[in-house]
Amino acid sequence: MASELSEPRVRLAELVAALSLGVDLGFGQPMEHVLRQCLIALRLAGCAELGEPDRAAVYYTALLVNIGCHADAHEQAKWFGDDIALKSGKYVHEFGSVRGALASMRLVGAGNPPLHRFRVGLEFALTGHRELDGMIAQHAKLAQTLAAQLDLSTQVREAIGAAYEQWDGRGWPGRLKGGAVPLAARIAQLSEFAEVAHRVGGIDGATALARRRAGRQFDPALAALLCDRAVQVFGGLDTVPAWSAVIGAEPELAVSLSGTQLDGALTAIANFVDLKSPFMLGHSAAVAGLAGEAGGRLGLPPAEVRLLRRAGLVHGFGRLGVSNSIWDRPGPLSAGEWERVRMYPYLTERMLHQSAALAPLGEIAVQHRERLDGSGYPRGLPGGAISRPARVLGVAEAYQSMREPRPYRPALTAAEAAGQLRAEVRAGRLDGPAVDAALEAAGHRLPRRRDSVRGLTAREVEVLILLARGMSNKQIAQRLVITPKTAGNHVEHIYAKIGAANRAAAALFTVQHGLLPEQDAVADSRSASGPG
């Protein structure tokens, strides 16, 4: 407790704002798009003379409104080629419009040769569209889950859950309309689209958008208020330092996280970020646990071990800025695609660097892919420039990646992964003591026997894990030597038992309940990559 009291506290606003920078990248928007939409939302709330509880709901809703949209990036890339390109089209066409639907359909099979693209389009028309049913509504539901894990108010959770509802009732899931849509959700949605329109077309562009969609997508009274007070809402938006303005504008008393609360929040967000690819489920928490255990075995001071463990939780935040057409690719990457992979540790650092409390985590995380011989990335640092915690984190991340399946290879056995780490030490790329500590921490124990979760049978757990990893019913059937119909029946029963509606929700359930074999192995040792 004493060490926790001596730790500098992190404000929840800083953590959520840092995460919002990754959301920007995932939508193909410039960093600070979400921060600026939050400022617009707060200014609009001020014009409406809202009280502090309502302003607090507007604040966190505006920052978290799109956080669930990467959860099914695997399916988005599978059908549309590039999940980031797909999401970037959100601001071009009106919600639910025919033009918007046609624009999305033109992306089906994108990035493939013509014949293969035709096959993808045919498969999508026959069965694939079912994977996307209710996708947008599910985004809001998943965002609600994260808001609950961050202990945000009921008012914020309700607003986030209605973030895609429209004034005319034609939004998602389409259960609310007009004044029944929470006010914070109405303000956040108007502010989100107004930010893009203002960035592209100035005040005239933003007010024209508000007028054009008033009464359909937007609350007409709020749209009119935005137009009437446009100078007050948008004044100085291009020059104000967005980060400091948003953090400074946090309504009511600033919410500060204790050390334990910070660990819980970082774990929740890490699990959420890992949902982006079914091949990364539970990856960050497992890396954090293994790195922390290895750091302790190396004799690092407790404060440094805590820092190392937290760096493990955040090390993959930058993956939000790289398309799943790369992460989930079963074949080789082009030179240009590899350059995008090499950027993700740097993006993680940029997401965290503006917060004095989070920046030290970014300084470790940015180096976890560097190698002692200078062959790593993103900066090609030589051994002397790589910090000791970063060396340990790099080893833990490499080992965990090897133990997990990737789209281009199956998971390695513990012995195979250990052999590869030893080879990297001999080649002068990984730190020998760090490898020894990580392998000792990983241990080689028999899998633990799990108690039943939500009444799932052992076979259903097997199916759930494969489903979470992105396999189709046909692929699950082939892996388990059962018929596709039997696999489909298992999937239906699993969804009913765990209350999930699609793969992303099932994947989150799998991680939260420790059902992955990789989580089991790390847990047995008291612990809890680009392509790894």
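Helices here are DSSP runs of H or I with at least four residues, numbered from the N terminus. I note at the outset that the model is predicted.

**Entry: Ala270**

I looked up Ala270 and found it in helix H15, which covers residues 259-274. Its relative accessibility is 0%, so I count Ala270 as buried. Leaving out residues up to four places away in sequence, I list Ser284, Leu313 and Phe317 as the residues Ala270 touches. For Ser284 I also took the C-alpha to C-alpha distance from Ala270, which is 6.0 Å at a sequence separation of 14 residues.

**Entry: helices H3 and H4**

I next looked up how H3 packs on helix H4 (residues 52-64): the angle is about 160° and the axes are 8 Å apart. Angles over 145 degrees count as roughly antiparallel, so I enter H3 as roughly antiparallel to H4. The crossing of H3 and H4 is right-handed. From H3 I listed Val34, Leu35, Gln37, Cys38, Ala41, Leu42 and Ala45, which meet Arg55, Val58, Tyr59, Ala62 and Leu63 of H4. I sorted the residues of this contact between H3 and H4 into ten nonpolar, one polar and one charged.

**Entry: helices H25 and H28**

I then took helix H25 (residues 458-468) with helix H28 (residues 503-512) and found an angle of about 120° between them, the axes being 9 Å apart. I therefore enter H25 and H28 as oblique to each other. Their crossing is left-handed. On the H25 side I find Leu464, Ile465, Leu467 and Ala468 in the contact, and on the H28 side Arg503, Ala506, Ala507, Phe509 and Thr510. The contact of H25 with H28 comprises seven nonpolar residues, one polar and one charged.

**Entry: Arg503**

I followed up Arg503, a residue of helix H28. Is Arg503 buried or exposed? Arg503 has a relative accessibility of 7%, under the 20% limit, so I count it as buried. Beyond residues up to four places away in sequence, the residues that Arg503 touches include Asp72, His74, Glu75, Leu275, Pro278 and Tyr495. Leu467, Ala468 and Gly470 are also among them. Between the C-alpha atoms of Arg503 and Gly470 I find 7.3 Å, with their positions 33 residues apart along the chain.

**Entry: aromatic pairs**

I counted five aromatic pairs, taking ring centres within 6.5 Å as the limit. One of these I looked up is Phe27 with Tyr91, a tilted pair with 6.4 Å centre to centre and 50° between the planes. Phe27 sits in the loop between helix H2 (12-26) and helix H3 (33-47), and Tyr91 in the loop between helix H6 (83-88) and helix H7 (98-105), so I note that the pair ties together parts 64 residues apart in sequence. Phe27 is buried at 4% relative accessibility. Tyr91 is also buried, with a relative accessible area of 12%. I traced the ring pairs further and found that they link Phe27, Tyr91, Phe193 and Phe218 into a cluster.

**Entry: helix H20**

How many of the nine residues of helix H20 (residues 344-352) are buried? I count seven, so the helix is largely enclosed by the rest of the structure. The buried residues of H20 are Tyr344, Pro345, Leu347, Thr348, Glu349, Met351 and Leu352. I looked up what these buried residues pack against and noted H2, helix H17 (302-314), helix H18 (324-327), helix H19 (335-342), helix H21 (359-365) and helix H22 (388-402).

Definitions and conventions. Residues numbered from 1 in each chain as written. Predicted model: local features only at pLDDT ≥ 70, side-chain atom pairs only at ≥ 80, totals over all residues. Heavy atoms only, no water. Axes fitted to C-alpha atoms, helices over the stretch in contact; angles between N-to-C directions. Helix = DSSP H or I, 4+ residues; strand = E, 2+ residues; numbered from the N terminus. Parallel < 35°, antiparallel > 145°, perpendicular 65-115°, else oblique. Left-handed = near helix turned anticlockwise from the far one by under 90°. Contact = heavy atoms within 4.5 Å. Nonpolar A, V, L, I, M, F, W, Y, C, P; charged D, E, K, R; others polar. Phe/Tyr/Trp six-rings, centres within 6.5 Å; stacked < 30°, edge-to-face > 60°. Buried < 20%, exposed > 50% of the residue type's maximum accessible area, 1.4 Å probe, protein only.
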